[in-house]
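Hello,

Here is the model we talked about handing over. Please open it first, then read my notes below.

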There are 2 protein chains.
Amino acid sequence: MSRSGADLALLLLGGFRTLADRATVELAARGYEDIRPVHDFALQAILTGADNASELGRRMSVTKQSAAKTIAVLESRGYVERRPDPTDRRRMHIEVTDRGHTMLREGAAIFDDLRQQWETQVGAGAVEQLERTLRQLLGDTTTRLDTPGWLVQDLGGES
Amino acid sequence: MSRSGADLALLLLGGFRTLADRATVELAARGYEDIRPVHDFALQAILTGADNASELGRRMSVTKQSAAKTIAVLESRGYVERRPDPTDRRRMHIEVTDRGHTMLREGAAIFDDLRQQWETQVGAGAVEQLERTLRQLLGDTTTRLDTPGWLVQDLGGES
DNA sequence: AATTTTGGACAGCCAGGTTGTCTATTTGAG
DNA sequence: CTCAAATAGACAACCTGGCTGTCCAAAATT
């Protein structure tokens, strides 16, 4: 029964939110309470070369001002440090701290874990198939994951 | 090659964004320039019984204040009308206007169209499989699609 | 009749984007 | 070598779309 296209969109969003929300909860449980997936991804971008605000902005498809704000948050939380670039005095070089590295590792582990849970639910083949289809559909589209204010939601504490 | 769980999350988000962004563009092209999928979904909720702010809030898992804001937007754009409920003078009854109905139909058509495009890209079977898997994984989780500020993005006008 | 619940509105706050403006520095053209 | 253009970053002001808190009027319940 071919459902509507809107349903399909909702399912995709639901899938992402489920993963992201659970990851947020897990991260919080491990002591990274003030962090959401966006920060995780930003950190990853920084680690892989986007070591200044302008470049980070380009990578994440947001303005450099927004990128600077994100960096400020990461810095205040102790995940990165900023220091003047010795060769270009306009730049502030961004470096991921030890805490940042650790958080990144934990984050990746959590996501991998979630993926595995899904595999036990529907079989590894189904998850792979899902990924393959999506990859094929999206091609090389870069996904910007900006301003998901909703990632910060309560997540329904089991009060 | 089993990629990381984070990739999977990004793919899901990317899939949703692709659909949502394209739908926004299409809607705009058809004269609904000030509308994003959230409004579409809110309208749908209103149509199916959430005919007052408090109820709409419950349906969309947001506060009644937020729901009221959304309604105010929809009203100012002419998609709904508010009129006092004759039987309960606390309530403002919300009604979808003709324009609202039309927009809803167009929106659904657009999403269906996008889905069909995907089917021609990867085959109807793959899309169905993807849906089946996601449905299985998500179960009866209700997806809240609040505050996607990012749905409003430029979408890279082809200047 | 009095209390509790509910619907709605208003104010103020926050996050995370945006544009616009400005300075310092580097780069590149002539 | 000099001067113009591009780039990095910061600051301010604004917008959207959530949130909480407070408050009032109208049900609903006791």
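In this predicted model, an N or O atom in the side chain of K69(A) sits 2.7 Å from a base oxygen of DNA strand C. That is a polar contact (a pair of N or O atoms within 3.5 Å; within protein, one must be able to donate a hydrogen and the other to accept it, and residues adjacent in sequence count only if both atoms are side-chain atoms). Q65(A) also reaches a base oxygen of strand C, with a polar side-chain atom at 2.5 Å. N52(B) goes to a phosphate oxygen of strand C instead, at 3.3 Å.

Strand C has 24 residues around it, where near means a heavy atom within 4 Å. The closest are R36(A), T63(A), Q65(A), K69(A) and K64(B). Sugar or phosphate supplies 65% of the strand C atoms within 4 Å of the protein, and bases the rest. Helix α4(A) gives the largest share of this surface, four residues. Helices here are DSSP runs (H or I, at least four residues), numbered from the N terminus. By class, the surface has three nonpolar, nine polar and twelve charged residues. Nonpolar covers Ala, Val, Leu, Ile, Met, Phe, Trp, Tyr, Cys and Pro; charged covers Asp, Glu, Lys and Arg; the others, Gly among them, are polar.

Now DNA strand D. Of the 25 residues around strand D, K64(A), R90(A), R36(B), T63(B) and Q65(B) come nearest. R90(A) places a side-chain N or O atom 2.7 Å from a base oxygen of strand D. K69(B) does so at 2.9 Å, also to a base oxygen. T63(B) is 2.8 Å from a phosphate oxygen. α4(B) gives the most to this surface, with four residues.

How do α3(B) and α4(B) pack? Their angle is about 110° and their axes are 8 Å apart. Axes are lines fitted to C-alpha atoms over the stretch in contact, and angles run from 0 to 180 degrees between N-to-C directions. The two helices are therefore roughly perpendicular (65 to 115 degrees).

A word on confidence. Mean pLDDT (the predictor's confidence in each residue, from 0 to 100) is 85 for chain A. Residues 147-159 of chain A stay under 50. Where pLDDT is low, the predicted coordinates should not be read in detail.

Residues are numbered from 1 along each chain as its sequence is written, and chains are lettered from A and ligands numbered from 1 in the order written. Local features need pLDDT of at least 70, side-chain atom pairs need 80 or more, totals for chains, interfaces and linings use all residues, and side-chain values use heavy atoms, without hydrogens or water.

Best wishes

Notes
Parallel < 35°, antiparallel > 145°, perpendicular 65-115°, else oblique. Contact = heavy atoms within 4.5 Å.
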